[in-house]
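Here's a walk through one chain, taken a step at a time. Keep the structure open and turn it as you read.

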Amino acid sequence: MIVNPEIQRQPNRRLTVEEILEEMIADNMIGRQAAEKLLARLTIKMRSEYHALEIIADAKFNHIKIPKRTITMEELTFWLSNKVGLDYLRIDPLKINVVNIGDLISIAYAAKNRILPIEITSDLAIFAISEPYLTDWMEEIRPVIKREIKRVFANPVDIERYRKE
């Protein structure tokens, strides 16, 4: 992603509304004026309670190239997965093996890192993530789960919903 170099140098960080909006402007998805309107009404509470993609999706921006089409959360998630170089995953709750996954990490740990274990094999654990720059958790759990870790990018609302279930 093209972001402020100062922000990019910060290790293990969450996505920001500003960096995503800048990318959307650069990709000609939205105009600068629309982005500035959102930033002007953004509160500290919104930033702390919601994922950056949720905030942007809730703004219901119209696509600059197709003005009558609203940019959806799923479209943002797919677009951002390409930007950060991760595979996109639309979570199918019926394919999550809850029994095996519950043994890997605690619910609190998953919530803190905004991750959801999706699939476990004898040598691989696949995690749905919504924060591509939060990576410390991988080194913390790799010795515990004794498997390689693959990250896939998914809708943050879905991750939260299925993590609670």
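Of the 165 residues in this chain, 44% count as buried. Keep in mind that you're looking at a predicted model, so how far can you lean on it? The average pLDDT of the chain is 88, and 89% of the residues score at least 70. Among the elements, helix α5 (residues 52-58) has the highest mean pLDDT, at 97, while helix α1 (residues 5-8) has the lowest, at 47. Over residues 1-7 the pLDDT is below 50, and this stretch has 14 contacts in the model beyond near neighbours in sequence.

Back to the chain as a whole. About 9,400 Å² of it is exposed, with carbon and sulfur atoms supplying 53% of that area. And if you take the contacts between residues at least 6 apart in sequence, 56% of them join residues at least 24 apart.

Now for the secondary structure. There are ten helices and three strands. Reading from the N terminus, the order is α-α-α-α-α-α-α-α-β-β-α-β-α.

Next, the strands. Which way do β2 and β3 pair, parallel or antiparallel? Strand β2 (residues 124-129) and strand β3 (residues 148-153) pair in the parallel sense, over six bridges. To find your place in that pairing, look for Ala125, which stands opposite Ile149 in β3. Helix α9 (residues 136-145) belongs here too: together with β2 and β3 it makes a β-α-β unit, and the unit is right-handed.

Let's finish with the aromatic rings. The chain has two aromatic pairs. One of them can be followed in detail, and it helps to know what to look for. A pair of aromatic rings is described by the distance of the centres and the angle of the planes. For Phe78 and Tyr88, the ring centres are 5.3 Å apart and the planes sit at 80°; planes over 60 degrees apart count as edge-to-face, so this pair is edge-to-face. Where do the two residues sit in the chain? Phe78 is in helix α6 (residues 73-84), whereas Tyr88 lies in the loop between α6 and α7 (98-102), and the two are ten residues apart.

Are these two rings' residues buried, partly exposed or exposed? The partly exposed class runs between 20% and 50% relative accessible area. Phe78 has a relative accessible area of 44%, so Phe78 is partly exposed. Tyr88 comes in at 27% relative accessibility, so Tyr88 counts as partly exposed as well.

Methods:
Residues are numbered from 1 along each chain as its sequence is written. This is a predicted model: local features need pLDDT of at least 70, side-chain atom pairs count only at pLDDT 80 or more; totals for chains, interfaces and linings use all residues. Side-chain values use heavy atoms; hydrogens and water are left out. Two strands pair if DSSP finds at least two bridges between them. Helices (H or I, at least four residues) and strands (E, at least two) are DSSP runs, numbered from the N terminus. A crossover is right-handed if, with the strands pointing away from the viewer, the path from the first strand over the helix to the second runs clockwise. pLDDT is the predictor's confidence in each residue, from 0 to 100. Contact means heavy atoms within 4.5 Å. Buried means under 20% relative accessible area, exposed over 50%, partly exposed in between (1.4 Å probe, protein chains only). Accessible areas come from the Shrake-Rupley method with a 1.4 Å probe; for residues, only the protein chains shown count as cover. Rings of Phe, Tyr and Trp (its six-membered ring) pair if their centres lie within 6.5 Å; planes under 30 degrees apart count as stacked, over 60 as edge-to-face and the rest as tilted.
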